[in-house]
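Colleague: Could you take me through one helix packing in close detail? I would like the cut-offs along with the picture.

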Amino acid sequence: MEGTGRSSSWALFVGPYGVYLLVFLVLPFANVALLSVYHHSPTKIAVAGFTAANYTRLFELYYATLFLRTVRLSLIVTAVCAILGYPLAYLLARSTSRIVTLGLFLLIVPLMVSTVIRVFGWVVILGSEGLVNQALRLLGAEEGVRLLYTEGAVILGLAQQSMPFMVLPLLAAIERISPSLEEAAQNLGASWSQMFARVIVPLSMPGLVSGSLLVFSVSMSAFITPALMGGRRVRMVGQQIYEEVLTAYDWPGAASLTIVLAVLMLGLVGLTLRTTRRRARLESARP
Amino acid sequence: MRGGAPRFLWVLAIAVYVLLLAPLVVVIAVSFGATATFDFPPKGLSLRWYQAFFASPMFVRSFFRVSQVIGLWTALVATIAGTLAAIGLVRFRFPGRQAIETFFLSPLLVPHILLGAAVYLYLARLAWPTSSLTLLVGHIAIATPYVIRCVTAGLVGMDPRLEEAAMSLGASRVQAFFRVTLPLLRSSLVTGAVFAFIISFSDINLALFLAGANAPSLPVHIFSQIQFEADPSIAAASALQIVIVGGLILLVQRLFRLRLIV
């Protein structure tokens with residue numbers, strides 16, 4: 001069909017979803033941007049006008065702490081996923097196709113099951129009457145340990161949730177590295193770990209970058225996991241947005257938070273796209 | 001064995017799978033327990049939490065009347081819209097094509113909690129009350145990019161000469177599309193539709209905002225149950241979801257290279 005269609009017939013194909021996204025993605029965010037400069041009123045929720053107060057408020061200690069905690073936890077989660085995800089991605093990349101099929105299945109099912117169900121599993125494991133505490137009691141511990149509602153719990157939950165986002169791009173990147181490079185390095189006297197550090201890691205860097213950006217952005221915008229595993233002690237930005245919209249009815253406040261987070265994410269996404277594009281270009285340049 | 005990966009790598013990899021699967025395994029195990037507390041290993045096996053699940057009008061409604069129905073509608077609409085978009089993007093050349101493709105895949109990258117809040121505030125401005133319909137609207141937006149990816153991959157991998165051959169043998173373009181292209185795209189379409197269903201079926205971040213108070217989807221109902229009165233029928237509901245999602249992934253894995261989509 002290429003080139004033979006009438007000049008505008010592409011619009012018939014691309015149009016429906018394009019218009020849909022304009023109406024249900026672009027306009028909603030435009031509305032949020034508008035709301036974010038409205039005045040907040042406890043009785044009328046939002047009053048049209050212009051104020052920067054919703055943004056300057058974000059520099060207050062409460063919000064600064066919230067943002068810093070969210071960024072810090074997301075960075076830790078990203079590091080945990082990278083360290084644990086690399087070995088798995090490497091082994092899968094060098095496995096037979098049958099093992100890869102099984103390995104991918106076991107990665108994708110946890111990714112696709114609802115977040116709330118995965119978190120429920122963690123609550124059963126880590127709760128005050130949970131499995132870990134039951135086991136400790138069997139071993140003779142007198143008092144339970146508080147595992148839930150700690151930063152550790154939130155990190156564990158978020159790492160479990162976003163691990164596939166790290167492993168899948170890494171796997172794709174490592175698969176492109178020819179095993180003969182590994183052999184060459186080792187024949188020239190490199191130990192396995194030297195080879196891994198000097199050959200595999202540098203050559204799979206685009207996968208590490210896009211995996212890290214994905215994991216970071218998933219963690220930055222997490223809501224369910226910190227809400228159920230962190231509670232009031234380990235609040236993150238996602239919870240704040242949810243509560244300001246649905247329980248506090250501070251819509252201009254929620255709007256400014258949404259815009260800040262969305263702009264941050266868009267910047268990161270731009271970076272991701274740039275790295276994946278470059279990767280695609282490298283690949284298409286191959287014979 | 002010189003040069004092989006050291007054994008600790010396997011230990012780490014298995015540890016990652018334990019981390020990934022532990023919550024799911026625990027949920028399934030608890031759902032077959034016999035006592036009212038969450039015991040693992042279960043003290044005796046029973047199906048009582050499944051009975052409790054099916055006896056609870058809210059659970060049954062959120063599962064069968066809300067999540068399942070919205071999932072199927074999402075799959076249908078997203079497959080049609082996504083297939084059209086993919087054909088437009090692959091088979092036509094027009095200015096801004098690359099930008100439109102990025103735009104179409106952007107719902108994969110916008111955090112769903114932000115999209116949910118944004119659509120909620122937008123609907124509030126339009127004075128459009130939330131309901132299952134508004135949830136469907138949100139789910140179509142986030143599920144369609146998965147269909148676009150599947151169908152794009154299918155179209156790119158297809159030899160355009162097959163269509164040209166059909167047309168040179170006298171088929172019109174529409175006939176060639178329906179008799180040649182569409183049947184060849186079958187596995188891409190099924191995979192896209194299944195993913196669209198799963199995305200809708202598992203979503204909670206949009207549903208929290210858009211589902212409407214009277215018709216929570218299954219994940220939303222589970223969320224409120226965990227917060228207020230955790231009883232193991234949550235585990236039964238969750239186990240059912242895990243089995244459905246796992247079965248669907250198993251199905252599409254036979255049809256398609258999953259890595260092109262996720």
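Modeller: Happily; here is a close look at one helix pair in chain B. This is a predicted model, where local features need pLDDT of at least 70, side-chain atom pairs count only at pLDDT 80 or more, and totals for chains, interfaces and linings use all residues. Residues are numbered from 1 along each chain as its sequence is written, while chains are lettered from A and ligands numbered from 1 in the order in which they are written.

The pair is helix α3 (residues 57-91) of chain B and helix α9 (residues 186-202) of chain B; helices are DSSP runs of H or I with at least four residues, numbered from the N terminus. Their axes lie 8 Å apart, at an angle of about 140°. Axes here are lines fitted to C-alpha atoms over the stretch in contact, and angles run from 0 to 180 degrees between N-to-C directions. α3(B) and α9(B) are therefore oblique to each other, since angles under 35 degrees count as roughly parallel, over 145 as roughly antiparallel, 65 to 115 as roughly perpendicular and the rest as oblique.

On the α3(B) side, the contact includes B:Ser67, B:Gly71, B:Ala75 and B:Gly82. From α9(B) come, among them, B:Gly192, B:Ala196 and B:Phe197. Two residues are in contact if their C-beta atoms, placed from the backbone, lie within 7 Å. By class, this contact of α3(B) with α9(B) has 9 nonpolar, 8 polar and no charged residues. Ala, Val, Leu, Ile, Met, Phe, Trp, Tyr, Cys and Pro count as nonpolar, Asp, Glu, Lys and Arg as charged, and the others, Gly among them, as polar.

Chain B also meets chain A, in a contact that takes 74 residues from chain A and 73 residues from chain B. Helix α1 (residues 10-35) of chain A gives the most to the chain A side, with 16 residues.

Methods:
Helix = DSSP H or I, 4+ residues; strand = E, 2+ residues; numbered from the N terminus.
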